[in-house]
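Reader: I'm new to this structure and would like a close look at one part of it. Could you walk me through the sheet and whatever surrounds it?

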Amino acid sequence: MDNDKMRLLTRPFNDIKTRPGRNGQSINYVEAHSIVQRLNDALAGDWSFRVLERELLDGEVIVLGELRAGDVVKQAFGGSEVTKTRDGKIVSLADDLKSAATDALKKAATLMGVALQLYGVEEPVTPSVPRLVPPVQDGDEPDVPPNNRLTRKQAEFIARLARERGMAKGEVDALARERHGTAANFLSVKQASEFIKQLRQDAA
């Protein structure tokens, strides 16, 4: 990816929104249409996004999305709570999946430098071409995933611990970056094990 595209991708946003988070905290965010517009402006439409995996876990849908731009490929997890009626019936799982996919797109875009200002990163990271993490089939999860990425079970456990602590996804990623230099979904197997121990100790 050339420098002109990187400058466009990493340009700070002016239309930052704020919404209430958990525990009385405020969360800054950029709306999905602004992220899509930034990708279109910087890459002239030469990008694509697809969902590789999706799962329903404990009232939350989680998807693994893949963002491609030329020869650059980034993957990220996204999630959304399942919306239910007062009597516990699911309102629209399709809408919840779309929200999770949008979350994954936004997180994958940050790995290309989009909206990094929301995470306190001053210098954009030059994107590289990682080895792809193929979709994992049920019952076929390797002990050590490609690229030494954390396992799906580790990701699920981190998400569960975060929910128990009332932490939003952005808070978990910020804590993972502080302690291990990367977002939670991109920890190595060893880092994920250490992060899980830290979360359990913090909760004790």
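**The sheet and its surroundings**

Author: Let's begin with a contact between a charge and a ring: the charged end of Arg-19 sits over the ring of Tyr-29, 5.9 Å from the ring's centre. Keep in mind that this is a predicted model. Arg-38 does something similar, with its charged end placed over the ring of Phe-13 at 3.9 Å from the centre. Rings paired with rings are another story: the count of aromatic pairs is zero.

Now for the wider setting, before we zoom in on the sheet. The chain has six helices and five strands, and reading along the sequence gives the pattern α-β-β-α-β-β-β-α-α-α-α. Of its 204 residues, 39% are buried. If you take the contacts between residues at least 6 apart in sequence, 54% of them join residues at least 24 apart. The accessible surface of the chain is about 11600 Å², and carbon and sulfur atoms account for 47% of that.

Here's the part you asked about. Three strands make an open sheet in the order β3-β4-β5, and the pairing is antiparallel. The edges are β3 and β5, the latter covering 72-81, and each of these edge strands pairs on one side only. On average, neighbouring strands of this sheet are turned by 20 degrees against each other, if you ignore direction. Helix α3, residues 93-110, packs on the sheet and touches β3, β4 and β5. The direction of α3 makes about 140 degrees with that of β5.

Let's go through the strands pair by pair. Strand β3 runs over residues 48-57 and strand β4 over residues 60-69, and the two pair in the antiparallel sense over nine bridges. For one example, take Val-51, whose bridge partner in β4 is Gly-65. These two strands also form a hairpin, with two residues between them. In that turn you'll find Asp-58, which has a positive phi of about 45 degrees. On to the next pair: β4 and β5 are antiparallel too, and they pair over 10 bridges. Here Leu-64 has Phe-77 as its bridge partner in β5. As a general point for looking at strands, side chains in a regular strand alternate between the two faces of the sheet.

Phe-77 gives us a handy way out of the sheet, since it is one of the residues touched by Asn-185. Asn-185 belongs to the loop between α5 (169-180) and α6 (189-203). Leaving aside residues up to four places away in sequence, Asn-185 also touches Arg-149, Leu-150 and Asp-173. Its relative accessibility is 17%, so Asn-185 counts as buried.

Ala-184 lies in that loop between α5 and α6 as well. Because its relative accessible area is 4%, Ala-184 is buried. With residues up to four places away set aside, Ala-184 touches Leu-150, Val-172, Asp-173, Ala-176 and Phe-195. Leu-150 is 34 residues from Ala-184 along the chain, and their C-alpha atoms are separated by 9.0 Å.

Next, go back to helix α3 and look at what comes after it. Val-114 lies in the loop between α3 and α4, and at 0% relative accessibility it counts as buried. Remember the Arg-38 and Phe-13 contact? Val-114 touches both of those residues, along with Leu-9, Ile-35, Leu-39 and Ala-109, again not counting residues up to four places away in sequence. Val-114 and Arg-38 are 76 residues apart in sequence, yet 7.8 Å apart in space, C-alpha to C-alpha.

In that loop between α3 and α4 (152-165) there's also Ala-115. Phi of Ala-115 is near 65 degrees, a positive value in a residue other than glycine. Ala-115 counts as buried because its relative accessibility is 5%.

Ala-44 makes a nice contrast, and it takes us back to the approach to the sheet. Ala-44 sits in the loop between α2 (32-43) and β3, and its phi is positive too, near 55 degrees. So is Ala-44 buried or exposed? With a relative accessible area of 71%, Ala-44 is exposed, whereas Ala-115 is buried.

Conventions
Residues are numbered from 1 along each chain as its sequence is written. This is a predicted model: local features need pLDDT of at least 70, side-chain atom pairs count only at pLDDT 80 or more; totals for chains, interfaces and linings use all residues. Side-chain values use heavy atoms; hydrogens and water are left out. Rings of Phe, Tyr and Trp (its six-membered ring) pair if their centres lie within 6.5 Å; planes under 30 degrees apart count as stacked, over 60 as edge-to-face and the rest as tilted. A charge sits over a ring if NZ of Lys or CZ of Arg is within 6 Å of the ring centre and within 35 degrees of the ring normal. Two strands pair if DSSP finds at least two bridges between them. Helices (H or I, at least four residues) and strands (E, at least two) are DSSP runs, numbered from the N terminus. Buried means under 20% relative accessible area, exposed over 50%, partly exposed in between (1.4 Å probe, protein chains only). Contact means heavy atoms within 4.5 Å. Axes are lines fitted to C-alpha atoms, for helices over the stretch in contact, and angles run from 0 to 180 degrees between N-to-C directions. Accessible areas come from the Shrake-Rupley method with a 1.4 Å probe; for residues, only the protein chains shown count as cover.
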